[in-house]
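Subject: Structure for you to look at

Hi,

Here is the structure I promised to pass on. Please open it first, then read my notes below.

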Amino acid sequence: TAQVLVNIGNHFDLTSSIFVAPRKGIYSFSFHVVKVYNRQTIQVSLMQNGYPVISAFAGDQDVTREAASNGVLLLMEREDKVHLKLERGNLMGGWKYSTFSGFLVFPL
């Protein structure tokens, strides 16, 4: 199960794993995922309101555990939603060894 370390304002919903922007502004998001060892490729996308904004890939055939990371600054309107989507492949321990962070950089 997922563990939330910091969630000031409770804008990240643990049940749905969706972050909802409390106000308009520039937000920073980053994520880190680890793929399982089985000669496959993973792709994880950061989704904003249902559309992929950035993705990370890991697909080396000879590495036992390979990680992928990415980060972005996003202009978000109030109530915009952000979540991670596993587009293909399997993650090590599901999402257990993955991290996802987001915060407001500059309110508008």
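A contact here means heavy atoms within 4.5 Å. On that basis, residues 24 or more positions apart make up 71% of the chain's contacts with a separation of 6 or more. Please keep in mind that this is a predicted model.

**The whole chain**

There are eight strands and zero helices. From the N terminus, the order of elements reads β-β-β-β-β-β-β-β.

How does the radius of gyration fit a compact globule? The chain has 14 Å, and a compact globule of 108 residues would have a value near 13 Å, so the two agree. Along the principal axes, the C-alpha atoms fill a box of roughly 45 × 25 × 20 Å.

Buried residues account for 31% of the 108 residues. The accessible surface is about 6,700 Å². Carbon and sulfur atoms contribute 54% of that surface.

On charge, I count 10 positive and 8 negative side chains. The centres of these two sets are 3 Å apart.

**Strand S3**

S3 covers residues 25-34. Is this strand mostly covered or mostly open? Mostly covered: seven of its 10 residues are buried.

Which strands pair with S3? One is S6, residues 67-76. The pairing is antiparallel and has 10 bridges. Within it, Phe29 has Val72 of S6 as its bridge partner.

Another is S8, residues 99-107. S3 and S8 also run antiparallel, joined by eight bridges. Here Phe31 has Phe100 of S8 as its bridge partner.

In a regular strand, side chains alternate between the two faces of the sheet. That is worth having in mind as you step along the strand on screen.

**Ser28**

Ser28 sits in S3. Is Ser28 buried or exposed? The cut-off for buried is under 20% relative accessible area. Ser28 has 17% relative accessibility, so it counts as buried.

What does Ser28 touch, apart from its neighbours within four places in sequence? The list is Val72, Leu73, Ser101, Gly102, Phe103 and Val105. Val72 and Leu73 fall in the residue range of S6. Ser101, Gly102, Phe103 and Val105 fall in the range of S8. Ser28 therefore has contacts in both strands that pair with S3.

If you look at one place, start with Ser28 in S3. From there, go to its contacts, including Val72 and Phe103.

Best wishes

How values were computed
Residues numbered from 1 in each chain as written. Predicted model: local features only at pLDDT ≥ 70, side-chain atom pairs only at ≥ 80, totals over all residues. Heavy atoms only, no water. Helix = DSSP H or I, 4+ residues; strand = E, 2+ residues; numbered from the N terminus. Rg over C-alpha atoms; globule rule 2.2 N^0.38 Å. Buried < 20%, exposed > 50% of the residue type's maximum accessible area, 1.4 Å probe, protein only. Areas by Shrake-Rupley, 256 points an atom, 1.4 Å probe, with all protein chains shown as cover. Lys, Arg positive; Asp, Glu negative; His and termini not counted. Charge placed at Lys NZ, Arg CZ, Asp CG, Glu CD. Pairing = 2+ DSSP bridges.
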